[in-house]
Amino acid sequence: MKRRTRTAVIGAGSWGTALANLLAANGHAVGLWARDPALAERMRRDRRNPRYLPGVAIHPEVKPASDFAAVLAGAWIVVLAVPSHAVRGVMEGAAPHVPQDAIIVSASKGIEQGSLKRMTEVLTELLPADPSRLAVLSGPSFAVEVSRGVPTAVTMAAADAIVAEDARSAFANPRFRVYTSDDVGGVELGGAVKNIVAIATGIADGLEYGHNARAALITRGLVEISRLGTALGGQRLTFTGLAGLGDLVLTCTGDLSRNRTVGLRLGRGESLAEILDDMRMVAEGVSTSVSVRDLATRVGVEMPITEQVHEMLYHAKSPRVVVEELMTRGHKPEFERR
């Protein structure tokens, strides 16, 4: 396919801004959509996004705007980088302006509450484009580190191998390595469920339970991700890769992780309301714990970490009791035999 250079990013949070900068550094002209017109104007004027990505200059080829038509006109790649709970509402507004032949790359991690749909399933409902032109970008990638050019490796998944390769070509550079996959559902589920596990590991860290407990929760969290993912058709190897284990380790251990931060503060005695009121950006695991718990119930998959995190977040269960109950569950073989 002939290389084109006009791209668009929907969502001017930290991740959307970082991806817009990355695409611009790779030679693309990038439209960046912000919900708030005042934020778009400030980014145009100051070439900064102090609300979500302070200290990082916005590339000259990134053009912020709050008008879908202006941002999306002529884009051959459209990147979706808004919180998962906002995807449906935002894309309902954007859909009439999305070019028919564009590749749509979802960089939003979560499961929609109520419908229990993955983000690409929501997009399939809303967009007139061929579903084979949907892709998913996921993996261990803090926005601020991507913005600073820290070496990063991620996964680009699409059902069509050519679409995956075309999308990869837009993002990849010597500091941002992109592997391809055809396991769209597996990559999306890995990116969603790891945020719940990160809250659990943050709780254990907040309670000062040490490295052993953290390692146990990460390992058993990977079991839960794989169990649900394979039950829903994902490939088991996906969950050992960047979009599974890689993203899980980063989110559970990195100081920049919003979901781990929620867990840390809960473990130290703060209330969920206090924490969320104090956070500028979304911790996806809080809402995703509801939809993943419901999804696991629907398909009959046991997910004790998800269940306990949900009980703590929505039924005021003690963080200490949550971790202790997870660590004292009935004994059984580590690996399930089929």
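**Two cores in one chain**

Of the 338 residues in this protein chain, 56% count as buried. Keep in mind that this is a predicted model.

Overall build next. The chain has 15 helices and ten strands. Its radius of gyration is 19 Å, and the globule rule gives 20 Å for 338 residues, so the chain is as compact as a globular protein of that length. Along the principal axes, the C-alpha atoms fill a box of roughly 55 × 45 × 35 Å.

How do the contacts spread along the sequence? Take pairs at least 6 apart in sequence: 70% of those contacts join residues at least 24 apart.

Now the inside. The largest nonpolar core holds 41 residues. Which of them touch the most other members? W15, V79, V105 and F171 do. Helix α1, residues 14–25, gives this core its largest share, seven residues.

Look at V105 on the screen. Leave out residues up to four places away in sequence. V105 then touches I77, V78, V79 and L80, among others. Its contacts also include A135, L137 and M156. A167 and F171 complete the list. So two names come up again here: V79 and F171 are touched by V105, and both sit with V105 in that group of four.

Apart from this core lies another one, of 40 residues. Its members include A192, A200, L217 and V262.

Last, the outside. The chain exposes about 14,500 Å². Carbon and sulfur atoms supply 52% of that area. On charge, there are 39 positive side chains and 36 negative ones. The centres of the two sets lie 5 Å apart.

How values were computed:
Residues numbered from 1 in each chain as written. Predicted model: local features only at pLDDT ≥ 70, side-chain atom pairs only at ≥ 80, totals over all residues. Heavy atoms only, no water. Core = buried A, V, L, I, M, F, W, Y, C linked by side-chain atoms within 4.5 Å. Buried < 20%, exposed > 50% of the residue type's maximum accessible area, 1.4 Å probe, protein only. Helix = DSSP H or I, 4+ residues; strand = E, 2+ residues; numbered from the N terminus. Contact = heavy atoms within 4.5 Å. Rg over C-alpha atoms; globule rule 2.2 N^0.38 Å. Areas by Shrake-Rupley, 256 points an atom, 1.4 Å probe, with all protein chains shown as cover. Lys, Arg positive; Asp, Glu negative; His and termini not counted. Charge placed at Lys NZ, Arg CZ, Asp CG, Glu CD.
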